[in-house]
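Visitor: Please take a close look at a single helix in this model and set out how its residues are placed.

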Amino acid sequence: MTSPDGRLTDALLSEDRPPRDACGVFGVWAPNEDVAKLAYYGLYALQHRGQESAGIAVSDGSRIVVHKEMGLVAQVFDEPALTALRGHIAVGHCRYSTTGASVWANAQPTFRSTSQVSLALGHNGNLINTRELAALLGGPGQGSAGIAATSDTDVLTALFVSDRAALDVAAGPGEDSANRTAGLVETAAAAVLPLAKGAYSLVFMDEQTLYAARDPHGFRPLVLGRLASGWVVASETAALDIVGARFVREIAPGELVCIDGRGVRSRTFAAPQPSGCLFEYVYLARPDTTISGRGVHATRVAVGRRLAAEHPADADLVIPVPESGTPAAIGYAEASGIPFGQGLVKNSYVGRTFIQPSQTIRERGIKLKLNPLKDAIAGRRIVVVDDSIVRGNTQRALVAMLREAGASQVHVRVASPPVSWPCFYGIDFATRAELIAGHLSPEEICTSIGADSLGYVSLAGLIEATTLPESRLCRACFDGQYPVPVADHDLGKHVLDGLGVGS
C-alpha cells in the first residue's frame, strides 16, 4: 500500500457544495486484459461519485496488491503506479465519505488478510447499523496492523474474513485451496450481508474470485458487463461504455454474484424489496447512464417538460445551471416554447486544487464556479433551471449574480421536489437543520433566495418521468418515508471514532 502522505483539502465553499454520493465502485475479472488500466478508466468515468480519495486493488491469483491515496483518480495514479499493478482481477473505488472521516486509512478498497484468505473491498452506500456490526468483531484489535480505519466498509471487510465457521462449511478436506478460499468468502458474505442494514453496493475480491453484492432495497445502482474475455461490475453503465464492456444486466437487490474461471454464478441472500434512489435520476448519476432500462438524460428532459407544465413562467430565455440542470432546462424550453440558451459558464476545475482560497475569494466563490454571459442575460426575463435546492446558498448567490448581470426578472425552476429530509443511505445531507426546505416553505425559500418566482416539480411528476412505479423508488429525502427505519440506530459519519474497531 502507498503511504498516507497526501491530503485532499476541503472543496471550495463547502457550505455551498452540491449533494454528493458516497462513492463509485468498479470491478473487473479478465485474464487477458490490463485490469489495472481498465479499473483506472472505469473510476475516471465514475469520478463524479467520489472525489476525496481513490484506489485500486489487483490480484495475480496468489496475492493482492493495493494502491490508494487521497485525491482524484488522475492525482492518485500515474503510468508507473498502474504498471506495478499486475494481475487478472481488479477492484477500484473513488470515495466520498459518509461513515468515517476523509483520511487515508478510510480510503478504499479496504484490505484485510488472515491465514486463510485476503480480501479487498469497495463500497457505495451507507450502513445504518455500523456500531452493531462492529460489536460482532469482538471489539478492538480485530484489524490489520497499522490500519486505523473507522468506516462501515472496513467493518464489513473484517466480518467477511472473520467467520472461521464458514471455512468448515465451505469446503471439505479434499478440495483444493482455491475452491476452499472461494467457498469461505462466498459463504461468509452470504451470512454477513443479511445482517447489514442500509445501502450497500459492493465490489470485492479474494485472490481468485471477483464478487459483487447489492442490498435488498437496491438503493445504489450496480451493473454487470461483458468484455470479450472477461466481466466487469460498475456503479453505472457509463463506466461499462468507457472500457468497452457490453451491458448485461443490473445486479439484483439482495443478490451476490461470484466471477472466476468457472464463469458467473449467483445466489440470493435476501428477499428483494426494490427501492432505488430517486435522487440518482435528479443529480447523482451521469446523464449517459441507464438505470432500470431508462436513460438518465431522457428522464431529466421529461422532468423539465413536466416542470414547465406545472410552473409556467412569462419569460424571454430558459438557461440551465450547468451541467446537471441542462437536460431539464432543455425539456422546460421545449414544453414552454421559451428559447433555450446558455447564460452561465461553468469552470470545470474548481475544487480540483490543493490551494486553499483566501477569504476574499471565498466570499466571491460562486464566480469561481459559474460566471454569467452578460450579453445573453442583460434586460431579459430569465428562467434558470437547477436540479435541486439543498441548502439554498448557491441559489441565493446565483440569483444575485444574474441580477448583477442585468436580468430584469429571475424565475427559478427546480427539477426535483423540495429536499426536506436527510438521507441515511449514502448522500451527504444528514441533518434536517441543514436543508432549507426542512424549515421554510417554497414561498419563504423564494424570498430567501431573492427570486421573482420559484417552482419545484411535483413528486408525482418526478416519479412519472422515471417510468418506474412509486413503490420501487426510495423517496425519503422528499417525503420522509424511509424504506429501512432509522430511528433506533446510532448514525453519523464518526460513529466508530474512538472505538478502536479498525486499529
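Guide: The account below concerns helix α15, followed by brief remarks on residues elsewhere. The model is predicted, so local features need pLDDT of at least 70 and side-chain atom pairs count only at pLDDT 80 or more, while totals for chains, interfaces and linings use all residues. Residues are numbered from 1 along each chain as its sequence is written, and side-chain values use heavy atoms, with hydrogens and water left out.

Helix α15 comprises 12 residues, 393–404; helices here are DSSP runs of H or I with at least four residues, numbered from the N terminus. From first C-alpha to last, α15 reaches 17 Å, close to the 16 Å expected at 1.5 Å a residue, where the expected span is 1.5 Å times one less than the number of residues. Its residues Thr394, Gln395, Leu398, Val399, Met401 and Leu402 are buried, that is, under 20% relative accessible area with a 1.4 Å probe and protein chains only. Viewed down the axis of α15, these buried residues fall within an arc of 160°, so they line one face of the helix; the arc is taken from the directions between the helix axis and the C-beta atoms. In general, an α-helix has 3.6 residues a turn, so residues three or four places apart point the same way. Just after α15, Gly406 adopts a positive phi of about 105°.

Elsewhere, Thr326 belongs to helix α11 (residues 326–336) and is buried, at 16% relative accessible area. Leaving aside residues up to four places away in sequence, Thr326 touches Pro320, Val321 and Phe340, contact meaning heavy atoms within 4.5 Å.

Conventions. Helix = DSSP H or I, 4+ residues; strand = E, 2+ residues; numbered from the N terminus. Buried < 20%, exposed > 50% of the residue type's maximum accessible area, 1.4 Å probe, protein only.
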